[in-house]
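Reader: I would like to go through a protein model with you. Could you show it to me before I start asking?

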Amino acid sequence: MTTYTTPAPATNPLAPFRPATTSDLAAMDPGELVAAHLHGNSQAFSEIVRRYRVRLLNFIYRMIGDRERAEDLVQEALVRVHRHLHRFDRGRKFSTWIYTI
């Protein structure tokens with residue numbers, strides 16, 4: 001399966017997509033990762049999870065004090081993120097959006 005990144009010229013959303021590499025994904029900002037995922041790049045969501053899973057876990061753990069329950073809540077939150085990623089407004093900050101879920 002070929003994965004794709006956002007279009008090369010930012011001004012032309014209809015430009016052809018080019019295959020993504022792991023280093024391409026690591027260099028993308030969260031909004032670009034969302035766009036890549038919405039355009040069929042399954043690795044883009046894996047990169048989102050890699051970046052935010054531990055942050056969310058620590059945040060929730062500090063709030064509730066139960067590590068196992070915090071892990072369950074992070075899993076539920078990431079499922080919701082995946083399900084509702086199309087609703088993310090790229091004009092806003094992704095980290096704020098993900099923490100509200």
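Author: We can take your questions one at a time, beginning with the overall fold. Please keep in mind that this is a predicted model.

Reader: How many helices and strands does the protein have?

Author: The protein contains 5 helices and 0 strands. Read from the N terminus, the order of its elements is α-α-α-α-α.

Reader: And what share of the residues is buried?

Author: Of 101 residues in the protein, 35% count as buried.

Reader: What about the surface: how much is exposed, and what do carbon and sulfur supply?

Author: About 6600 Å² of the protein is exposed, and 52% of that area comes from carbon and sulfur atoms.

Reader: What part of the contacts joins residues that are 24 or more positions apart?

Author: Among contacts with a separation of 6 or more, 37% are between residues 24 or more positions apart.

Reader: Let us turn to helix 2. Which of its residues are buried?

Author: Helix 2 covers residues 30-38, and its buried residues are Gly31, Leu33, Val34, Ala35, Ala36 and His37.

Reader: Against what do those buried residues pack?

Author: They pack against helix 1 (22-27), helix 3 (42-64), helix 4 (67-84) and helix 5 (94-100).

Reader: Which residue caps the N-terminal end of helix 2?

Author: Aspartate 29 does so, with a side-chain oxygen 2.9 Å from the backbone nitrogen of glycine 31. A polar atom of the aspartate 29 side chain also lies 2.8 Å from the backbone nitrogen of glutamate 32.

Reader: Where is aspartate 29 itself?

Author: Aspartate 29 sits in the loop between helix 1 and helix 2.

Reader: Why is aspartate 29 counted as partly exposed?

Author: Its relative accessibility is 39%, and partly exposed is the class between the limits of 20% and 50%. Its C-alpha atom is 9.7 Å from that of isoleucine 48, a residue 19 places away along the chain.

Reader: What follows helix 2?

Author: Glycine 40 follows helix 2, and its phi is positive, near 100°. Asparagine 41 belongs to the loop between helix 2 and helix 3.

Reader: Is asparagine 41 buried or exposed?

Author: Asparagine 41 is buried, as its relative accessible area is 0%. Its side chain reaches the backbone nitrogen of glutamine 43 at 2.9 Å.

Reader: Now helix 3, please. Why does arginine 51 count as buried?

Author: Arginine 51, which lies in helix 3, has a relative accessible area of 16%. The limit for buried is under 20%, so arginine 51 falls in that class.

Reader: What is arginine 51 in contact with?

Author: Setting aside neighbours within four places in sequence, arginine 51 is in contact with Leu25, Ala26, Ala27, Met28, Asp29, Pro30 and Leu33. That list includes Asp29, the residue that caps the N-terminal end of helix 2.

Reader: And what about glutamate 47: buried or exposed?

Author: Glutamate 47, also a residue of helix 3, is buried at 7% relative accessibility. With neighbours within four places in sequence left aside, its contacts are Leu25, Ala26 and Leu33. The C-alpha atoms of glutamate 47 and methionine 28 are 9.5 Å apart, with their positions 19 residues apart along the chain.

Reader: Leu25 has come up twice. Where does leucine 25 lie?

Author: Leucine 25 lies in helix 1, and at 4% relative accessibility it counts as buried. Leucine 25 and alanine 36 are 11 residues apart in sequence, and their C-alpha atoms are 9.0 Å apart.

Reader: A change of topic: how much space lies in the second largest pocket?

Author: The second largest pocket holds about 160 Å³ of space.

Reader: Which residues line the second largest pocket?

Author: The lining consists of Leu56, Phe59, Ile60, Leu73, Glu76, Ala77, Arg80, Ile98, Tyr99, Thr100 and Ile101. By character, 8 of them are nonpolar, 1 is polar and 2 are charged.

Reader: Which helix gives the largest share of that lining?

Author: Helix 4 does, with 4 residues. Helix 3, helix 4 and helix 5 each contribute at least two residues to the lining.

Key:
Residues numbered from 1 in each chain as written. Predicted model: local features only at pLDDT ≥ 70, side-chain atom pairs only at ≥ 80, totals over all residues. Heavy atoms only, no water. Buried < 20%, exposed > 50% of the residue type's maximum accessible area, 1.4 Å probe, protein only. Contact = heavy atoms within 4.5 Å. Areas by Shrake-Rupley, 256 points an atom, 1.4 Å probe, with all protein chains shown as cover. Polar contact = N/O pair within 3.5 Å; in protein donor to acceptor, adjacent residues only side chain to side chain. 1 Å grid on protein atoms, 1.4 Å probe; cavity = no way out; pocket = protein on both sides within 12 Å on 5 of 7 lines; lining within 4 Å. Points joined across faces, edges and corners; volume = space filled by probe spheres on them. Nonpolar A, V, L, I, M, F, W, Y, C, P; charged D, E, K, R; others polar.
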